[in-house]
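Got your viewer open and a hand on the mouse? Here is a walk through one structure, stop by stop, with something to select at each.

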Amino acid sequence: MLSQNHLHVSLLYIVLLTGTKYGCGGGGCGACTVMVSRYDQLHNRVLHYTVNACLQPICTLHGSAVVTVEGIGSTKTKLHPVQERIAKAHGSQCGFCTPGMVMSMYTLLRNKPHPTMEDIREALGGNLCRCTGYRPIIDGFKTFCDVSNAFNLFPQASCLIQSTCLLTNHISDELFHMDNVLPLDPSQDLIFPPELMKRACGSLCFQGDRLKLISPVDLTNLLELKTEYPEAPVVVGNTTIGTNLLLCHLLFVIYLLCVHVHAGVSVGAVCTLSSLKEEMEMAVREMEAERTRGYQALLQTLRCLAGKQIRNMATIGGNILSANPKYDLNSVLAALDCTLQVMSKENGTREITLNEELFTGFGKTALRPDEVLLSIDIPYSKPWEFVSAFRQAQRREFAFSIVNAGMKVVFKEGSNIVESLNIYYGGVGPTLVKVGRTLTPQALRCSALGRCATQEAACRFSDHVSLFHFKTSDIDPSEALGMTGVVTFLSAGDVPGQNRRMWFNNPEELFAEEEVTCVGQIIGAVVAESREQARRAAQRVKVTYQDLLPVFFTIEEAIQHQSFFDPKRKLERGDMDKAFETVDQILEDEIYLGGQEHFYMETQGLIAVPKGENGELELFVASQHAAYTQEVVGITLGIDSNKITCHVRRLGGAFGGKVMKILSSESDITYYSNGGCTLDESSFIMEKALLHMDNAYRIPNLRGRGLVCKTYLPSYTAFRGFGGPQGLMVMESVLHEVAVKCGLPPQKVREINMYREEECYTHHKQLFSPRDMLRCWDECLDKAGYHDRLQAIQQFNTYNRWKKRGISAVPMKFGVGFSKGFYNQGAALVNIYKDGSVLVAHGGTEMGQGINTKALQIAGRILKVPMSSIHIKETCTGNVPNAAPSAASFGTDAVGMAVKDACEKLMRRLKPVMENHPKYTWQQWIVEAYCQKVSLSATGFFLGPHTGVDWENSEGTAYYYFTFGACCSEVEIDCLTGDHKNLRTDIVMDVGESLNPALDIGQIEGGFVQGIGLYTIEELQFSPEGVLMTRGPSQYKIPALCDVPPQLNVHLLANAQNPHAIYNSKGIGEPPVFLASTIFFAIKEAVAAARRERGLGDSFPLSSPATAERIRMACEDQFTEMAPSPKKGTFKPWSINI
């Protein structure tokens, strides 16, 4: 098992402890967090710290104790207080990240039973959540703080102004109560095994078929081993090497940590970054500020570097010798004139200065192969010596820097004369770059970036074969089939049913038969005894191919080649051609909206179990649409659907990625989307964008065209919002530019154009009332204090040159339900057993949105039994056939109505029994009904609305109803770096009469934070060869805790009604994503303020996402002029704008 030697493999597949989740596999999400405990013999204490199980080599845990989430409590025994409080605070939606969150908090409490909010923020900094928006997690965990330490990270995030839960008729201004919770009792925690305290230290050697790992007993042993194996890396935390294991692993974990010497602090090479941070904090607390200026700069960097789990594993020595210019410490340590102590068996000890000469290339240093790093000497700061550290990353914390810098200046005593200046940059070249006295900014850019381009490209693509558009002529798996553990190879010819299916006249293939149209398209599959064996064997399959032309990847190229999928859609209101003849001004512009990775923590997965009789097959699958999975598997295998049963217990996130796999008076808009190589759901997504392009505005003359481009990229599929956020975003951009052109506030232009009549018609002629939409808008502006804050922002901008603030508010009208009417249906099965217990099965899929909880509430209300007596069965095609997908914010509407229908049928059957025996209990009624041969099983069905659109005539009732909302956000940008802070957000949402306010607010906050990613952080980057480069959390960043506005105020609109849906409620899953566009437009306002100060116009291009790079370049100034954009065609870009 040494070839698969990471802890998560053993936990999941050997010990069978499945609480520790396997998410990204690279230490970037925190789902696999566990607690490791070691006995520190030097200080006679037990150390507890969190690690990422996916990076922790199991061989290195000799003598350690590992605690997983199963070890601290469970529903079968008793919950730990951490588990109880995150549950009570509604801090778990899909639940996949929850075990990691729990273990991070549990470990913090083991070390510090009375934490501060800053301690909690730091502990959770390495854990990502895609669902909740983080607020409820913090709300639950902050209850462990002392009252004096419990400042509120989200001061009014849980604000529910007199909201009523319809199903309980309970009015409350709190989302949850912590009454009668379990107290934290450290005496009940697991003890460290005493036998591990007495273990003898000795050398260990682990030998596998491809790997040898040796743990030396002491320094002498290490030097001998390094002489014997000079090319073997010395590994401690394994956070850099990860799964790329070489011949020999050397582990060294017992050397010097930190000691103070006369000139500074000497840090052992294997001192973890967490220990280094603690040492620097202690030095800053205990020493005079003048001597610790360098340590303060180092601390500033350490606080943003990685997450807590990584800092607990990674070492300062590993960070330095990894020689990655994106690692932040080297630039600061070099600026401080640090020195390294290195040693070898043959040459003894020598001292090396940490500067640009130490790094000879990307990942390479000047150390000799047989040398090891012993320690790093970090000097104290001297009088008149000043140090600063800088970093800019995709995300403020827990992200590699794009560029980092360490700067130290020494002045002549008592003067402003510079005696020396150290400036080091990382991330602008393959190695650390030192700025010389005569090096100009232009020269720095040319020399540093010129070296960077080819090196970075070589680093990124070394493991890829560029296959975009070719015709296969021969597939030879013979070498792969001869490898150990390989069972067989499957390709198109092995499919027993249909390998190809038609989707709206567009073919989609399971395995490519002749032509491959994108990178990553499946040609065949290797079946092996383990995943690792299958991966290695897949690399040995030989494919002979012939290149085909043309090959193109971008929307612009697709337009040039007129490469579009059918159908092409158009919606129009009014007479656009006539309107353009009479208008005063015509504006023409474009906006680009990037794609978004689903980044669900639980990746795609399926287990198929042949039953052995009549070709029956059971599928345990992570899918939003079990019936579709059943259908496709049946077609592919040539089996009838009645022999295939799909089971879906719950999903660890989905967001549309587990179904199948863009004006003021007149506006003419053409939408283009990059659909990739197959149609998938891109046509439906484009339709939804067109159907939402009016948003909250009655534009008298409005025309929208939608074209899905066919390119040679992997096919795109749905994401939360399904095109709605893109369609809405374009209209808001139109109104923003109209406001700029007319010299009016954007808020004023929005109000002028809003639907205001009691009965209004959308641009596709659907009747609706905007009354509650206008109420949301007015309440949002009022609760946000919009006008007062706008004046305060203007004053702030007047007095700050390089920091600017912006504020923006937008309304929203979002359609709920499927525009394809046949999907608007729901079914359920309810069984009552003789003991009085109730079983509910429905066709929806629980993926964190709370559909099961709401189904329980509905059943409990109608049957008048406690929710504890009701059990929700997994989604199963054998119980509820032909179910529609759980999507379009319509799941609760459809399933809730079906459950209600089934329960009402049962109550009608039970009514005579209840009337004849009014004093019986529920169980007695059920037994009596059974004895009277009354059926205690009922199916429920909901026949939804007959929606549809006549695209030829631009009319139709596309949606069941509309969910309304409004949002106001304030941001602050740094004009020099492009960094931005989300300061405050106020949301007012119309959810009708909420079935469960806590769930609905969780959906609003989670959707909003996902929208922050869409509009400001998350960026898909493709190489010019069509290879997706942003794969995994090290390159692709979703919002973390640090990205959530410190003030996040969510209000549910009071006295709102919706007669169309279950108990007057409204669907809420998708709409909140768009509200985060207020962050984007607030950024644009802040940039405009900076430009006005420099005499530039308010109209400028800014595409989504508004990354630091785009913000910085939009703030044009003398510095951006030093880096002009090269002309198109004169260079090969490292990424393309698809």
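Which residues does UniProt list for "binding site"? Select C94, C97, C129 and C131: these come from the record, an unreviewed entry. Keep in mind as you go that this is a predicted model. The four are spread over 38 residues of sequence, yet they cluster in space, with a largest C-alpha distance of 9.5 Å.

**Two of the cysteines**

Zoom in on C97, in the loop that runs between α2 (81–88) and α3 (98–111). Is C97 buried or exposed? It is buried, because its relative accessible area is 7%, and the cut-off for buried is under 20%. Leaving out residues up to four places away in sequence, C97 touches L128 and C129.

That brings you to C129, which sits in the loop between α4 (117–123) and α5 (135–141). C129 is buried too, at 4% relative accessibility. Show what it touches beyond four places in sequence: C97, M101, Y134, I137 and M601.

**A patch on the surface**

Now turn on the surface and pick Y13, I14 and V15, which make a nonpolar patch of about 310 Å². I14 belongs to the loop between α1 (7–13) and β1 (33–40), and at 48% relative accessibility it counts as partly exposed.

**One side of a helix**

Next, select residues 746–753, helix α21. Which of its residues are buried? They are P746, Q747, V749, R750 and N753. Look down the axis: these residues cover an arc of only 160°, so they lie on the same side of α21. To see what covers them, add helices α20 (724–742), α22 (771–784), α23 (786–799) and α29 (1077–1093), along with strand β36 (803–816), which are among the covering elements.

One of those buried residues, N753, leads to the next pick, A696, which is in contact with it. A696 is in the loop between α19 (682–691) and β33 (701–710) and is buried, at 0% relative accessibility. Its other contacts, neighbours within four places aside, are M754, Y755, M773 and P811. Try a distance label from A696 to F814: they are 118 residues apart along the chain, with C-alpha atoms separated by 9.0 Å.

**A long distance label**

For another label, go to V284 in helix α8 (residues 273–286) and draw a line to E613. The two are 329 residues apart in sequence and 72 Å apart in space, C-alpha to C-alpha. V284 is partly exposed, with a relative accessible area of 27%, and beyond four places in sequence it touches T292, Y295, Q296 and L299.

**Backbone oddities**

Most residues other than glycine have a negative phi, and most peptide bonds are trans. Here are some exceptions to click on.

- L549 and P550 are joined by a cis peptide bond, with omega about 0°; P550 is in the loop between β27 (542–547) and α16 (555–560).
- S1104 to P1105 is cis as well, with omega near 5°; P1105 is in the loop between α29 and α30 (1108–1114).
- N882 has a positive phi, near 55°.
- A888 has a positive phi, near 60°.

Where are N882 and A888? N882 is in the loop between β40 (875–876) and α25 (891–916), and A888 is in the loop between β40 and α25. Colour them by accessibility for your last stop: N882 counts as exposed at 61%, whereas A888 is buried at 8%.

Notes. Residues are numbered from 1 along each chain as its sequence is written. This is a predicted model: local features need pLDDT of at least 70, side-chain atom pairs count only at pLDDT 80 or more; totals for chains, interfaces and linings use all residues. Side-chain values use heavy atoms; hydrogens and water are left out. UniProt positions are given in the numbering used here, feature names are shortened, and annotations may be inferred rather than shown by experiment. Helices (H or I, at least four residues) and strands (E, at least two) are DSSP runs, numbered from the N terminus. Buried means under 20% relative accessible area, exposed over 50%, partly exposed in between (1.4 Å probe, protein chains only). Contact means heavy atoms within 4.5 Å. Patches are made of residues with over 30% relative accessible area and no salt bridge: like charges are joined within 9 Å, nonpolar side chains (Val, Leu, Ile, Met, Phe, Trp, Tyr) within 5 Å. Accessible areas come from the Shrake-Rupley method with a 1.4 Å probe; for residues, only the protein chains shown count as cover. A salt bridge is a side-chain nitrogen of Lys or Arg within 4 Å of a carboxyl oxygen of Asp or Glu. The arc is that of the directions from the helix axis to the C-beta atoms.
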